[in-house]
There are 2 protein chains.
Amino acid sequence: MPPRNHGPYTTESVDDYLKAILELGGLAEERVTSNALAQHLGVRAASVTGMLQKLAAQKPPFVKYEKHHGVRLTAAGKMRALEVLRHHRLLERFLHDFLDYSWDEVHDEAERLEHFISEQLEDRIAAKLGDPETDPHGHLIPERSGALPAREEVLLSKWACGVAAVISSVSDRDPAALREMTRLGLKPGVAITVETGTRNASLRVRIGERSDSVRLSQMLASGISVIAGPNGRARNLLADSHEANQAESRLP
Amino acid sequence: MPPRNHGPYTTESVDDYLKAILELGGLAEERVTSNALAQHLGVRAASVTGMLQKLAAQKPPFVKYEKHHGVRLTAAGKMRALEVLRHHRLLERFLHDFLDYSWDEVHDEAERLEHFISEQLEDRIAAKLGDPETDPHGHLIPERSGALPAREEVLLSKWACGVAAVISSVSDRDPAALREMTRLGLKPGVAITVETGTRNASLRVRIGERSDSVRLSQMLASGISVIAGPNGRARNLLADSHEANQAESRLP
DNA sequence: TTTAAGATTTAGTCATGCCTAAACTTATAG
DNA sequence: CTATAAGTTTAGGCATGACTAAATCTTAAA
């Protein structure tokens with residue numbers, strides 16, 4: 001009987017690294033540093049270096065790695081990362097729509113399962129859901145081909161005062177924040193306008209049909225991404241294109 | 001940041017070992033030898049010994065282990081094994097009923113996922129299914145409490161000729177065999193009578209409403225468990241209670 | 001331009017879970 | 001009641017993926 005652990009890397013670790021590189025580097029495939037990855041993954045920088053070298057040594061390589069200058073996903077690596085991201089978001093939508101999970105509960109379960117569902121199960125889930133475009137937090141689900149449309153999202157905390165906006169997605173990382181958003185009626189599709197706000201304190205915003213306005217902590221506002229509002233082609237004034245890219249890059 | 005791999009055993013390996021011990025030792029908790037486990041798990045006997053020692057050293061221990069005399073599950077080990085078995089069978093039923101998996105496809109997917117679903121997901125799936133009692137192959141699903149009713153199953157290959165029987169469950173291990181059974185109309189709940197048969201060759205059986213009889217290979221017959229038929233309290237003549245226990249023990 | 005701070009990589013260690021080979025039990029046949 | 005076969009355990013390795021500590025490279029400030 002041959003050894004089992006001489007094969008290629010098949011662990012969830014690889015998935016986690018690729019996903020992290022995608023999340024930090026964005027679709028633009030910017031270079032990502034070891035330190036950033038270490039922080040994101042909750043691992044020491046030395047561990048990251050080791051793994052990056054292994055990922056670069058794969059055939060085909062998953063990343064292009066230059067010492068001291070970070071990594072960038074190769075086509076293969078990007079494809080794999082997008083597959084895992086598709087799994088994650090499909091699972092979130094499935095857990096939410098079919099198994100009565102609330103949107104603050106789906107992330108952890110999906111995070112675990114995303115590594116282990118087969119392509120067949122992925123397809124069946126997608127079919128059952130009618131090939132959904134977004135997860136419950138509003139994030140776009142990559143297609144099977146790996147296609148993932150770009151969207152000019154901007155963090156609410158960087159959106160100009162007085163300009164109509166619509167919530168496009170919210171971060172799925174903080175369950176307590178998600179519950180708070182539920183309480184306030186903040187979810188993808190809801191119109192929102194910032195009335196006053198500073199970068200360091202809280203914002204005063206008008207939500208949906210509401211006639212009164214509400215205080216929103218900076219933290220909560222940083223978990224909300226918006227796009228130009230329903231009243232025509234309003235353009236965001238504060239965010240330059242770099243910031244917009246940053247926001248788009250912050251994949252959940 | 002503390003090391004992550006100094007904690008208790010949390011791998012799927014442990015689950016696999018416990019499940020294997022339950023499957024081989026049956027509910028009666030007979031002792032299981034290292035060799036049997038090695039064969040069942042597809043690993044070397046030496047590897048089994050190592051793991052058994054670790055399982056016995058856990059606190060609380062999952063197994064009671066005496067060298068050269070095999071292992072037996074402790075209460076804790078049995079509970080854990082039944083949990084995993086519940087996951088497996090619930091997942092099979094779920095994949096089959098909700099995601100259009102055929103009964104020959106469910107095993108592999110469930111085998112992988114059973115280790116990673118949370119208690120919450122287990123509960124939601126069970127609720128969605130209406131707390132089913134069996135998986136698609138007819139095997140009983142343990143309750144959350146760990147309760148698993150005993151059932152006096154006998155392999156069809158050991159059932160007496162001429163005595164009416166009903167298929168109670170079929171092995172889920174061989175997809176090709178399952179497809180063949182589908183073709184023949186063999187599934188849990190179907191009445192079946194052995195007309196002639198030897199232990200080494202094929203059986204001739206009458207299936208359900210059918211007026212003609214069908215040849216059944218010994219291999220196929222060994223994957224089918226039956227209980228006393230619908231026409232009253234027929235008692236199996238060939239199988240002694242030991243063999244009956246063996247059949248019951250052969251958990252999938 | 002030099003240098004110190006910060007980021008990054010190397011080197012060496014550890015736990016897990018598998019392997020092979022060899023030693024050692026237990027059981028069964030002569 | 002041995003002796004040999006079968007089953008089991010020990011001993012020594014290896015791959016993976018984490019860790020720490022120390023060395024090295026980059027960058028930005030003096």
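**Figure 1. Ser118(A) is buried, with a relative accessible area of 16%.** The model shown here and in the following views is predicted. The cut-off for a buried residue is under 20% relative accessible area, so Ser118(A) qualifies. Ser118(A) sits in the loop between α5 and α6 of chain A. Its side chain reaches the backbone nitrogen of Leu121(A) at 3.0 Å. Ser118(A) also touches the partner chain. Setting aside neighbours within four places in sequence, Ser118(A) is in contact with Tyr101(B), Glu109(B) and Arg112(B).

**Figure 2. The largest nonpolar core has 34 residues.** Which residues have the most contacts inside this core? They are Phe94(A), Leu99(A) and Leu121(A), together with Phe94(B), Leu99(B) and Leu121(B). Both chains contribute helices. In chain A, α4 (75–98), α5 (106–113) and α6 (119–129) each supply at least two residues of the core. In chain B, α4 (75–98), α5 (106–113) and α6 (119–129) each do so as well. Leu99(B) shows contacts across the two chains. With neighbours within four places in sequence left aside, Leu99(B) is in contact with Phe94(A), Leu121(A), Arg124(A), Ile125(A) and Lys128(A). Phe94(B), from its own chain, is also in contact with Leu99(B).

**Figure 3. A rotation of 180 degrees superposes chain A on chain B.** The shift along the axis is 0.0 Å, and the RMSD is 0.1 Å. This is the relation of a two-fold axis. Which residue of chain A comes closest to the rotation axis? It is Leu113(A), with its C-alpha at 3.7 Å. The copies meet through the same surface, because 100% of the interface residues of chain A are also interface residues in chain B.

**Figure 4. DNA strand C has 25 residues around it.** Gln53(A), Tyr65(A), Thr11(B), Arg44(B) and Ser47(B) come nearest. Which part of the DNA do the atoms within 4 Å of the protein belong to? For DNA strand C, 82% of these atoms belong to sugar or phosphate, and the rest belong to bases. Three side chains illustrate the phosphate contacts. An N or O atom in the side chain of Gln53(A) is 2.5 Å from a phosphate oxygen of DNA strand C. For Ser13(B), an N or O atom of the side chain is 3.0 Å from a phosphate oxygen of this strand. A polar side-chain atom of Lys67(A) lies 3.2 Å from a phosphate oxygen of DNA strand C. The elements giving two or more residues to the surface near DNA strand C come from both chains. Chain A gives α2 (34–41) and α3 (45–57), and chain B gives α1 (12–25) and α3 (45–57).

**Figure 5. In chain A, 6 strands form an open antiparallel sheet.** Their order is β3-β8-β4-β5-β6-β7. β3 (154–155) and β7 (213–216) of chain A are the edge strands, and each pairs on one side only. β6 (residues 203–207) of chain A is joined to β7(A) by 4 bridges, and the two run antiparallel. Arg204(A) stands opposite Arg215(A) in β7(A). For context, chain A has 9 helices and 8 strands. Of its 252 residues, 47% count as buried.

**Figure 6. The sheet of chain B is open, with 6 strands in the order β3-β8-β4-β5-β6-β7.** Pairing is antiparallel. β3 (154–155) and β7 (214–216) of chain B stand at the edges. Each has a single partner strand, so one side of each is left without a neighbour in the sheet. Inside the sheet, 2 bridges join β4 (residues 165–170) of chain B to β5 (residues 191–197) of chain B. One pairing to look for: Ala165(B) has Ile192(B) in β5(B) as its bridge partner.

**Figure 7. The peptide bonds from Lys59(A) to Pro60(A) and from Lys59(B) to Pro60(B) are cis.** Omega is near 0 degrees in chain A and near -5 degrees in chain B. Most peptide bonds are trans. Pro60(A) lies in the loop between α3 and β1 (63–65) of chain A. Pro60(B) lies in the loop between α3 and β1 (63–65) of chain B.

**Figure 8. Asp100(A) and Asp100(B) have a positive phi.** Most residues other than glycine have a negative phi. Phi is near 60 degrees for Asp100(A) and about 60 degrees for Asp100(B). Asp100(A) is found in the loop between α4 and α5 of chain A, and Asp100(B) in the loop between α4 and α5 of chain B. Buried or exposed? Asp100(A) is exposed at 55% relative accessibility, and Asp100(B) is exposed with a relative accessible area of 57%.

Note on methods: Residues numbered from 1 in each chain as written. Chains lettered and ligands numbered in written order. Predicted model: local features only at pLDDT ≥ 70, side-chain atom pairs only at ≥ 80, totals over all residues. Heavy atoms only, no water. Core = buried A, V, L, I, M, F, W, Y, C linked by side-chain atoms within 4.5 Å. Buried < 20%, exposed > 50% of the residue type's maximum accessible area, 1.4 Å probe, protein only. Contact = heavy atoms within 4.5 Å. Pairing = 2+ DSSP bridges. Least-squares fit on C-alpha atoms with pLDDT ≥ 70 in both. Near = heavy atom within 4 Å. Polar contact = N/O pair within 3.5 Å; in protein donor to acceptor, adjacent residues only side chain to side chain.
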